[in-house]
Amino acid sequence: MPNVRRLLVVGRPADFGSFPYDGLAKRHMRMLDALANDYELTLLCWRPDGDRSPHPWHVPVHRHLEVVGRAPQPTRADRLIRALGAARGASPGVDTLARLLSSAGVDVALTFGPWLGTEYRAVFALLPTVHLFEEDMTQMPENASQSRQARVYRRIEAALHAHAPAQPAIVVAMNIDEQRRAARWFPSAEPLTIPLTLDPAQWVDPGKRSNGPWVLAVGNFAEPRNAEGLAEVLGEAERRGLGATIAVRVVSGPGLHSLLEPWRLQGRLAYDPADTARPLPSLYAKAWAALVPAARATGQKSTILQAWACRCPVVASEAAARTVAAGDAAAVGADAAELVVWLERLRTDQRELERLAQAGRRVLAARFDDARAVASLREAVEAARRSPVRNPKSRPLDR
């Protein structure tokens with residue numbers, strides 16, 4: 001009988017959510033689909049205390065497990081105490097986890113997200129791990145204070161975690177900015193960048209540039225960082241007398257932020273909740289441009305990749321364009337005024353629209369190839385499986 005390689009997958013319920021607009025959850029599910037060809041998967045759902053979301057039974061794995069972790073206090077003092085414990089070698093719950101996994105016979109682990117950094121120490125202490133440091137959302141003022149004192153506290157917290165003896169073998173990030181943040185927490189881990197990519201079966205090259213009556217904006221426009229940017233663009237277009245000539249259509253699964261409601265009520269913003277059930281490629285095909293106006297951005301803006309896949313010219317904020325290093329494959333504006341200037345110019349500049357559509361498709365093929373990303377993940381997991389656990393005090397699981 002051939003030797004079975006077994007992989008432990010660890011994450012919160014939300015990391016494997018089934019919402020169609022959750023780009024990170026889609027990324028995770030596609031990763032697991034790829035790894036299922038090489039490994040027998042065991043899912044350990046690490047549920048923070050108070051999390052009432054359903055267990056992700058839809059994840060196709062050999063074995064489902066779940067633990068409930070104590071919800072950490074959000075105070076700075078508590079975070080620093082836990083970070084100090086990690087630096088001193090504490091791995092809370094390691095014995096319980098070892099007993100839970102003793103019959104699973106797992107060889108290597110894959111952990112998702114920076115959101116359970118302290119809790120994952122128990123996994124790092126027991127198994128060689130590939131850790132996906134996805135999006136550091138502490139950069140967003142709606143999630144964490146951006147005061148000087150708060151930033152200093154976070155730097156101290158990261159420095160303490162950097163000295164923890166239990167470390168992942170490999171830390172994966174989407175882009176170089178996220179990789180720098182990951183390195184502050186896990187400096188001894190081998191860094192690897194695996195960008196977010198699109199499913200080529202869904203995002204088929206249409207072979208021609210998109211064209212239609214509207215500018216399409218896709219994303220979670222219930223979030224302030226997206227809604228603020230779009231509201232500013234709409235306001236600037238109105239001030240320039242272009243509100244009636246630049247028609248913007250929004251697709252947002254979670255709905256609209258209150259900032260955008262006045263524009264919808266005035267007819268300056270088209271929003272149909274039924275659009276979330278329609279194939280996105282068909283909506284991009286009827287747009288003459290895609291607008292990605294996020295005032296602040298982390299991770300990768302998958303909507304830029306989607307537009308590129310559909311040969312839809314992209315107009316994006318600097319913050320959004322930076323997440324994919326768009327360069328001249330997008331019309332980039334430093335503020336709402338520059339974005340509106342681009343939209344006004346591009347309405348009648350067919351040559352530039354064609355150039356942007358072609359450039360975007362080339363960048364997508366060169367730097368966001370799905371097959372290469374899958375191969376990189378497989379190689380990383382196999383490399384970690386063959387590496388020692390990064391914790392001199394750890395002991396192997398009982399087999």
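Helices here are DSSP runs of H or I with at least four residues, strands are DSSP runs of E with at least two, and both are numbered from the N terminus. This is a predicted model, in which local features need pLDDT of at least 70, side-chain atom pairs count only at pLDDT 80 or more, and totals for chains, interfaces and linings use all residues. Residues are numbered from 1 along each chain as its sequence is written, and side-chain values use heavy atoms, leaving out hydrogens and water.

**Figure 1. The whole protein, with its 14 helices and 13 strands.** Let us start with the full chain. Of its 399 residues, 52% count as buried (buried means under 20% relative accessible area, exposed over 50%, and partly exposed in between, with a 1.4 Å probe and protein chains only). Among contacts (heavy atoms within 4.5 Å) with a separation of 6 or more, 69% join residues 24 or more positions apart.

**Figure 2. Helix α1 meets helix α14.** Here residues 23-35 (α1) pack against residues 370-385 (α14) at an angle of about 65°, with the axes 10 Å apart. Axes are lines fitted to C-alpha atoms, for helices over the stretch in contact, and angles run from 0 to 180 degrees between N-to-C directions. The two helices, α1 and α14, are therefore roughly perpendicular (65 to 115 degrees; under 35 is roughly parallel, over 145 roughly antiparallel, and the rest oblique). From α1, the contact uses R30, M31, A34 and L35, while α14 brings D370, V374, L377, R378 and V381. Sorted by class, these residues are six nonpolar, no polar and three charged (Ala, Val, Leu, Ile, Met, Phe, Trp, Tyr, Cys and Pro count as nonpolar, Asp, Glu, Lys and Arg as charged, and the others, Gly among them, as polar).

**Figure 3. Helix α10 crosses helix α13.** The axes of α10 (residues 302-309) and α13 (residues 350-367) come within 8 Å and cross at roughly 115°. This pair, α10 and α13, is therefore roughly perpendicular too. Look for L305, W308 and A309 of α10, which meet G360, R361, V363 and L364 of α13. That contact has five nonpolar, one polar and one charged residues.

**Figure 4. The buried residues of α13 and what they pack against.** E352, L353, L356, A357, A359, G360, R361, V363 and L364 are the buried residues of α13. They pack against β11, α10, β12 (314-317), β13 (331-333) and α12. At 1.5 Å a residue, the 18 residues of α13 should span 26 Å, and the end C-alpha atoms are 26 Å apart, which agrees (the expected span is 1.5 Å times one less than the number of residues).

**Figure 5. Helix α7 and its cover.** The buried residues of α7 include R225, L230, V233, L234 and E236. Their cover includes β9 (248-251), α8 (261-265), β10 (269-271), β11 (287-292) and α12 (336-346). Just after α7 comes G241, whose phi is positive, near 75°.

**Figure 6. Two loop residues with positive phi, R311 and A325.** Most residues other than glycine have a negative phi. R311, not a glycine, has a positive phi of about 55° and sits in the loop between α10 and β12. At 17% relative accessibility, R311 counts as buried. A325, in the loop between α11 (318-322) and β13, has a positive phi near 50°. With 48% relative accessibility, A325 counts as partly exposed.
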